[in-house]
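Trainee: Got a minute? I'd like to walk through this model with you before I go back to the bench.

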Amino acid sequence: MESRIKILGHPVHPMLIVFPLGLFATAVIFDIIYLVSGEGNWTLVAFYMIGAGVVGALLAAVTGILEWRHIPKSRARRLGLWHGLLNGAVVTLFAISWVIRSDAPAAPDTLALLLSFAGAVVSLIAAWLGGELVYRLRVGVDDEANLDASPSI
């Protein structure tokens, strides 16, 4: 099933998801460095990464929802729903962590850290489902895709 939202022949949703995933993952890594080092600059940067990740995730969600609406009733549609719901949970966990951190970004409390760690774990499950949709069920893959396909532009 071919993607409906494209730029220069490529689906937009996978272009957008790399930003929030990368920002959230790096924020978690910086939180871990903070826990090891005690240096608050790491969590200060993580705070801004989480904020940017939430904005990026909301943009990616719009394209994901628009694409999901066109999947016919099938296993792919059910997995797509779970993929979206889990990603919604990821954004919620990170957003709550961000709000909790807002008073003292360089010294987050334990709950803020636990929420971002939980968000990272849930994001792995959601990302696996996204991979299942694309690589197993061919959702978003060009109908003409093959090893010798013509250029997309």
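Mentor: Sure. One term before we start: two residues are in contact when they have heavy atoms within 4.5 Å of each other. Also keep in mind that this is a predicted model.

Trainee: Okay, so what share of the contacts with a separation of 6 or more comes from residues 24 or more positions apart?

Mentor: Those residues account for 74% of them.

Trainee: And what's the pattern of helices and strands along the sequence?

Mentor: Reading along the sequence, you get β-β-α-α-α-α. That's two strands and four helices.

Trainee: What are the dimensions of the C-alpha trace?

Mentor: Along the principal axes, the trace spans about 55 × 30 × 20 Å.

Trainee: How much of the protein counts as buried?

Mentor: Of its 153 residues, 35% do. As for the accessible surface, the protein has about 9100 Å² of it, and carbon and sulfur atoms make up 70% of that.

Trainee: Let's do helix packing. At what angle do helix 3 and helix 4 cross?

Mentor: Roughly 160°, and their axes come within 8 Å. Helix 3 covers residues 75-101, and helix 4 covers residues 110-136.

Trainee: What does that say about their relative direction?

Mentor: Angles over 145 degrees count as roughly antiparallel, so helix 3 and helix 4 are roughly antiparallel to each other. The crossing of helix 3 past helix 4 is left-handed.

Trainee: Which classes of residue make up that contact between helix 3 and helix 4?

Mentor: There are 21 nonpolar residues in it, along with eight polar and three charged ones.

Trainee: Now helix 1 and helix 4. How do their axes cross?

Mentor: At roughly 135°, with the axes coming within 10 Å. That angle makes helix 1 oblique to helix 4. Helix 1 also passes helix 4 in a left-handed crossing.

Trainee: Which residues meet there?

Mentor: From helix 1 you have Leu21, Val28, Asp31, Ile32, Tyr34 and Leu35. On the helix 4 side they meet Leu113, Ser116, Phe117, Ala120 and Ser123. By class, that contact has eight nonpolar, two polar and one charged residues.

Trainee: Switching to single residues: where is Thr63, and is it buried or exposed?

Mentor: Thr63 sits in helix 2, residues 41-68. With a relative accessible area of 9%, Thr63 is buried, since the cut-off for buried is under 20%.

Trainee: Which residues does Thr63 touch?

Mentor: Leaving out residues up to four places away in sequence, Thr63 touches Ile5, Val12, His13 and Leu16.

Trainee: What about Ala25?

Mentor: Ala25 is part of helix 1, residues 12-37. Its relative accessibility is 39%, so Ala25 counts as partly exposed. Gly84 is 59 residues away from Ala25 along the chain, and their C-alpha atoms are separated by 18 Å.

Trainee: Any odd backbone angles to look at?

Mentor: Some background for that: most residues other than glycine have a negative phi. Leu8 has a positive one, near 50°. You'll find Leu8 in the loop between strand 1 (6-7) and strand 2 (10-11), and at 59% relative accessible area Leu8 is exposed.

Trainee: And what's the phi of Arg138?

Mentor: About 60°, so also a positive value in a residue that is not a glycine. Arg138 lies in the segment after helix 4 and counts as partly exposed, at 43% relative accessibility.

How values were computed
Residues are numbered from 1 along each chain as its sequence is written. This is a predicted model: local features need pLDDT of at least 70, side-chain atom pairs count only at pLDDT 80 or more; totals for chains, interfaces and linings use all residues. Side-chain values use heavy atoms; hydrogens and water are left out. Axes are lines fitted to C-alpha atoms, for helices over the stretch in contact, and angles run from 0 to 180 degrees between N-to-C directions. Angles under 35 degrees count as roughly parallel, over 145 as roughly antiparallel, 65 to 115 as roughly perpendicular and the rest as oblique. A crossing is left-handed if the near helix is turned anticlockwise from the far one by less than a right angle, and right-handed if clockwise. Ala, Val, Leu, Ile, Met, Phe, Trp, Tyr, Cys and Pro count as nonpolar, Asp, Glu, Lys and Arg as charged, and the others, Gly among them, as polar. Buried means under 20% relative accessible area, exposed over 50%, partly exposed in between (1.4 Å probe, protein chains only). Accessible areas come from the Shrake-Rupley method with a 1.4 Å probe; for residues, only the protein chains shown count as cover.
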